Amino acid sequence: MKPIRVWITPPGPNSWKVVVVLEELGVPYEFKVMGFADVKKKPFTDINPNGRVPAIEDPNTDITLWESGAIVQYIIEQYDVKKILTYDTLKEKHQLNQWLQFQMSGQGPYYGVSAWFNVLHPEKIPSAIERYNDQLKRVLGVLESWLENRQWLVGDKITYADWAFVPWNDRINDVIFCKPEDKFVGFPNVQAWHERMISRPAWKKTVEIRAGLMEEQGLQNGTGRPARFKSHQEYEAAIARGEDVHA
């Protein structure tokens with residue numbers, strides 16, 4: 001089997017949702033690592049006209065895909081032949097898709113907007129921060145109630161639906177500026193579920209890979225930008241001027 005090429009920028013969470021699934025299944029892959037300045041340029045916009053990571057090119061099937069949820073579903077359908085991270089029964093199959101859709105429509109957008117107003121927006125707007133921090137906690141509340149007396153979202157094993165939530169949940173402390181040990185306060189079921197997943201070798205390797213790539217590009221863990229830029233706006237302005245922001 002030839003390795004799947006995975007286009008990524010190291011900071012964001014969505015690429016690692018794909019990588020950890022590949023790791024769990026033992027599917028070979030290779031990275032095409034870019035800087036933030038490159039995602040809106042060719043050649044990447046020929047791969048993904050939306051200019052967002054991740055995207056994949058699979059030489060085994062001659063398919064190119066973008067959108068992390070679509071990529072995960074493709075990997076599962078094409079390569080999880082032993083149903084390690086999925087089910088093939090009607091009810092469970094559609095429930096897995098349901099939870100993946102909730103991650104993409106609920107967790108991802110709300111956590112992302114919370115991160116914007118807490119971390120990246122140049123002006124602190126208390127009402128926006130409060131709203132989106134509350135929405136982040138609302139998503140945690142949905143998970144908390146469902147995980148009461150359950151180990152996993154669907155069935156009796158870890159699946160791709162569980163993994164989809166890990167990258168964003170793992171960085172809640174960087175989003176809302178709390179201590180790492182406090183990010184699941186009030187959500188003990190979510191905390192136990194999350195800890196079951198991050199203790200697995202696939203996630204530990206994924207975190208190590210990300211840390212190495214972040215260091216290579218000189219990026220801060222919390223903001224995803226080089227340390228010499230004091231704001232995201234300063235960083236984006238440098239990119240617009242064509243500067244080598246990673247020099």
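Here are three short exercises with worked solutions on a predicted model.

**Exercise 1: A helix with two sides**

Task: Find out which residues of helix H9 are buried, and what they pack against.

Solution:
- Step 1. Start with the helix itself. H9 covers residues 201-216, which makes 16 residues. From its first C-alpha to its last it reaches 23 Å, close to the 22 Å expected at 1.5 Å a residue.
- Step 2. Now pick out the residues with under 20% relative accessible area, the cut-off for buried. In H9 these are Ala 202, Trp 203, Thr 206, Arg 210, Leu 213 and Met 214.
- Step 3. Look down the axis of H9: the buried residues fall within an arc of 100°, so they line one face of the helix.
- Step 4. Turn to the face pointing away from that buried side. Here you meet the exposed residues Pro 201, Glu 208, Glu 215 and Glu 216.
- Step 5. Finally, look for the packing partners. The buried residues of H9 pack against strands E1 (4-8) and E2 (29-33), and against helices H1 (14-25), H6 (160-169) and H8 (188-198).

**Exercise 2: Two strands and a crossover**

Task: Work out whether E1 and E2 run parallel or antiparallel, and whether the crossover between them is right-handed or left-handed.

Solution:
- Step 1. Check the pairing: E1 and E2 are joined by 5 bridges and run parallel.
- Step 2. Take one bridge as an example. Ile 8 has Val 33 in E2 as its bridge partner.
- Step 3. Follow the chain from E1 through H1 to E2: this β-α-β crossover is right-handed.

**Exercise 3: Rings that meet**

Task: Classify the aromatic pair of Trp 16 and Phe 31 as stacked or edge-to-face, then do likewise for Trp 99 and Phe 102.

Solution:
- Step 1. Recall what to look for: a pair of aromatic rings is described by the distance of the centres and the angle of the planes. There are 13 aromatic pairs in the structure.
- Step 2. For Trp 16 and Phe 31, the values are 5.9 Å centre to centre and 65° between the planes, an edge-to-face pair. Trp 16 sits in helix H1 and Phe 31 in strand E2, 15 residues apart, and the pair links distant parts of the chain.
- Step 3. Compare their surroundings. Trp 16 is buried at 1% relative accessible area, while Phe 31 is partly exposed at 26%.
- Step 4. For Trp 99 and Phe 102, the centres are 5.9 Å apart and the planes stand at 80°, so this pair is edge-to-face. Both residues lie in helix H4, 3 residues apart, about one turn of the helix, and both are buried.
- Step 5. Widen the view: ring pairs link Trp 99, Phe 102, Trp 146, Phe 165 and Trp 193 into a cluster.

Key. Residues are numbered from 1 along each chain as its sequence is written. This is a predicted model: local features need pLDDT of at least 70, side-chain atom pairs count only at pLDDT 80 or more; totals for chains, interfaces and linings use all residues. Side-chain values use heavy atoms; hydrogens and water are left out. Helices (H or I, at least four residues) and strands (E, at least two) are DSSP runs, numbered from the N terminus. The expected span of a helix is 1.5 Å times one less than its number of residues. Buried means under 20% relative accessible area, exposed over 50%, partly exposed in between (1.4 Å probe, protein chains only). The arc is that of the directions from the helix axis to the C-beta atoms. Contact means heavy atoms within 4.5 Å. Two strands pair if DSSP finds at least two bridges between them. A crossover is right-handed if, with the strands pointing away from the viewer, the path from the first strand over the helix to the second runs clockwise. Rings of Phe, Tyr and Trp (its six-membered ring) pair if their centres lie within 6.5 Å; planes under 30 degrees apart count as stacked, over 60 as edge-to-face and the rest as tilted.
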